[in-house]
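Visitor: I've got a model open and I'd like to talk it through with someone. Can you put it up for both of us?

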Amino acid sequence: MSRIGKLPVAVPSGVNVTLNEGEVHVKGPKGELSQHILAQVVEVKLEDGKVLIERKGDAKPHRSAHGLTRTLIANMVEGVSKGFRKSLEIQGVGYRAAKAGEKLNLTLGYSHPVVFEAPSGITLSVEGTNKIHVDGIDKQQVGQIAAKIRGLRPPEPYKGKGIRYEGETIRKKLGKAGKAGKK
């Protein structure tokens with residue numbers, strides 16, 4: 001039995017979960033999400049304000065979808081009630097971010113400024129000139145947009161300049177001077 005899959009998902013007050021044929025809809029104060037589930041592999045039930053996931057067999061697809069389905073539903077419930085946030089830091093001389101309407105203007109050492117526009121459902125905010133916050137209700141979409149912003153100028157290993165996740169550590173390399181000292 002999956003350790004994650006057998007745990008019930010608690011539904012907080014203000015969140016409404018509805019089950020249709022092969023789909024789970026979650027509606028809360030921050031928005032509404034829906035997820036397709038494999039109805040022939042797992043069974044989703046709503047009992048006493050908790051969502052229970054049971055698998056229909058013991059084959060490999062049944063076991064692998066059990067924990068995944070529970071985690072997807074738990075992320076949807078958390079997203080519509082609290083929301084998700086990923087924070088990015090910009091490091092480097094002259095590197096900065098500014099918000100212009102719904103667009104994000106980034107100066108990242110290129111010959112031109114980079115303009116990034118967030119899709120619907122995602123909110124971008126800038127704190128100071130070197131911190132970017134990505135907020136939304138869909139955990140996968142928040143992570144994907146944060147990865148796209150980081151990919152505009154990933155941190156390089158010699159000076160550490162670039163965009164990194166908050167709290168991410170970059171292993172630095174020595175460069176030419178370290179090679180000359182190893183004779």
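Visitor: How many bridges pair β3 and strand β4?

Guide: Keep in mind that this is a predicted model. Strand β4 covers residues 32-36, and β3 covers residues 23-27. The two pair in the antiparallel sense, and the count of bridges is five.

Visitor: Which residue in β4 is the bridge partner of Glu 23?

Guide: Glu 23 belongs to β3, which spans residues 23-27. β3 and β4 form a hairpin with four residues between them. Across that hairpin, the β4 bridge partner of Glu 23 is His 36.

Visitor: And in the turn, which residue has a positive phi?

Guide: The turn sits between β3 and β4, with four residues linking the two strands. One residue there has a phi of about 160°, and that's Gly 31.

Visitor: Back in β3, which side chain does the side chain of His 25 make a polar contact with?

Guide: His 25 is found in β3. Leaving aside neighbours within four places in sequence, its contacts include Asn 16, Thr 18 and Leu 33. The polar contact, though, is with a residue of β3 itself: at 3.4 Å, the partner is the side chain of Glu 23.

Visitor: What about the other sheet: in what order do its three strands come?

Guide: It's an open sheet with antiparallel pairing. The edge strands, each pairing on one side only, are β1 (9-10) and β5 (42-47). Between β5 and strand β6 (residues 50-55) there are six bridges, and Val 42 has Arg 55 as its bridge partner in β6. So with β1 and β5 at the edges, each pairing on one side only, the order reads β1-β6-β5.

Visitor: At about what angle does helix α1 run to β6?

Guide: Helix α1 takes in residues 60-81 and lies across β1, β5 and β6. Taking N-to-C directions, its angle to β6 is about 165°.

Visitor: Which element gives the most to the largest nonpolar core?

Guide: That core has 20 residues, and Val 17, Val 24, Val 26, Val 51 and Ile 73 have the most contacts inside it. β3, β5, β6 and α1 each supply at least two of its residues. The top contributor, with six residues, is α1.

Visitor: How many residues are in the other core that lies apart from it?

Guide: This second core includes Leu 108, Val 114, Ile 122 and Ala 146. Its residue count is 19.

Technical notes:
Residues are numbered from 1 along each chain as its sequence is written. This is a predicted model: local features need pLDDT of at least 70, side-chain atom pairs count only at pLDDT 80 or more; totals for chains, interfaces and linings use all residues. Side-chain values use heavy atoms; hydrogens and water are left out. A polar contact is a pair of N or O atoms within 3.5 Å; within protein, one must be able to donate a hydrogen and the other to accept it, and residues adjacent in sequence count only if both atoms are side-chain atoms. Contact means heavy atoms within 4.5 Å. Axes are lines fitted to C-alpha atoms, for helices over the stretch in contact, and angles run from 0 to 180 degrees between N-to-C directions. A nonpolar core is a set of buried Ala, Val, Leu, Ile, Met, Phe, Trp, Tyr and Cys residues joined through side-chain atoms within 4.5 Å. Buried means under 20% relative accessible area, exposed over 50%, partly exposed in between (1.4 Å probe, protein chains only).
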